[in-house]
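User: Please take a close look at a single part of this structure and describe it together with its surroundings. A connected account would be preferred to a list.

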Amino acid sequence: MAAQGVEPEIVLYDLACTKNVCFSPVVWRIRLLLNYKQIPYRTIFLEMPDIEPTLKELGLAPHHLASGNLREYTVPAIRHVPTNKYIMDSLPIAQFLESTYPDPPVPLTSELGDEIVLKSRSLVGPLIQKSLMLREVGILSPRSGEYFRRTREHRLGHRLEDLLDGEEELWNAADDGRRVIGELMRASKADGPFLLGARPSYADFFIAASLQSARVIDEGVFRRTIKYPGYKEMYEACLPYMERKD
């Protein structure tokens, strides 16, 4: 909900879970932006099977095939109340928020930040996804859990449980990559706690969102991820902007 007595300017469509807090990494990127910029907003949590019909009814166009999205409708989505404008997907939403609410500024791109995001997606992302996918079922309602398992197993061609075969070997194989990314995160340590120094960038929120998602889904996966230098510092620097989770 919005802060008491303040009318929301943004309606945020988020993914529901049994903990009644945000757990989606892509939604957390936007929630971090909203919290950091102190934009009044309220949240509408949607069960997984309800995302497509809800957003379609609101008049949102489906994702283009070239966007890389596996589904036509996804969260995050927002409604900008003053203009009644609807936007779907984290990057277009971030671009809209930055242009509409430029103060305080959040750089959406940078050479260092883009490198960290790219390496995180390629070196660590697949491991985290495999470790969390089955565990995610445990925080979903029975209806969403059934939908999630059915659609993911259809796409993968095997049971979710099979993702955890050889999990320890996968973590060990990603060890060097996690160290490299952690060192990159500390490149501007002398200037402040964030990737670019004293103030956060969208790349900071990308990393913090992934870590917070892991923490909500499974504390053990989160602990394994932040044990490398750079990760814990990044996460703790963003904690003030993760106090509001719903």
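Analyst: Two strands pair if DSSP finds at least two bridges between them; strands (E, at least two residues) and helices (H or I, at least four) are DSSP runs numbered from the N terminus. The model is predicted, so that local features need pLDDT of at least 70 and side-chain atom pairs pLDDT 80 or more, while totals for chains, interfaces and linings use all residues. Residues are numbered from 1 along each chain as its sequence is written, and side-chain values use heavy atoms, without hydrogens and water.

The part chosen here is a hairpin. Strand 3 (residues 77–80) and strand 4 (residues 85–88) are joined by four bridges in the antiparallel sense. Across this pairing, Arg-79 of the hairpin faces Tyr-86 in strand 4. Four residues separate the two strands, and in this turn Asn-84 has a positive phi of about 55°.

Helix 3 (residues 90–100) has Ser-90, Ile-93, Ala-94, Phe-96, Leu-97 and Glu-98 buried (under 20% relative accessible area; over 50% is exposed, in between partly exposed; 1.4 Å probe, protein chains only). These buried residues pack against both hairpin strands, strand 3 and strand 4, and also against strand 1 (10–15), helix 1 (25–37) and helix 8. UniProt, in an unreviewed entry, lists residues 23–99 as "domain: GST N-terminal", an annotation that may be inferred rather than shown by experiment. That span is 39% helix and 18% strand, and its end C-alpha atoms lie 26 Å apart.

Helix 8 (residues 202–217) leads on to a further packing, with helix 10 (residues 231–238): the axes are 9 Å apart at an angle of about 95°. Helix 8 is therefore roughly perpendicular to helix 10 (65 to 115 degrees; under 35 is roughly parallel, over 145 roughly antiparallel, the rest oblique). On the side of helix 8, Asp-204, Phe-205, Ile-207, Ala-208, Leu-211, Gln-212 and Arg-215 meet Tyr-231, Met-234, Tyr-235 and Cys-238 of helix 10, contact being heavy atoms within 4.5 Å. The residues of this contact comprise eight nonpolar, one polar and two charged.

The same unreviewed UniProt record annotates residues 129–218 as "domain: Glutathione S-transferase UstS-like C-terminal". This span is 63% helix and 0% strand, with its end C-alpha atoms 12 Å apart. A further buried position is Ser-144, at a relative accessible area of 0%. Ser-144 is located in helix 5 (residues 142–156). Leaving aside residues up to four places away in sequence, Ser-144 touches Glu-47, Met-48 and Pro-49.

Note on methods. Axes fitted to C-alpha atoms, helices over the stretch in contact; angles between N-to-C directions. Nonpolar A, V, L, I, M, F, W, Y, C, P; charged D, E, K, R; others polar.
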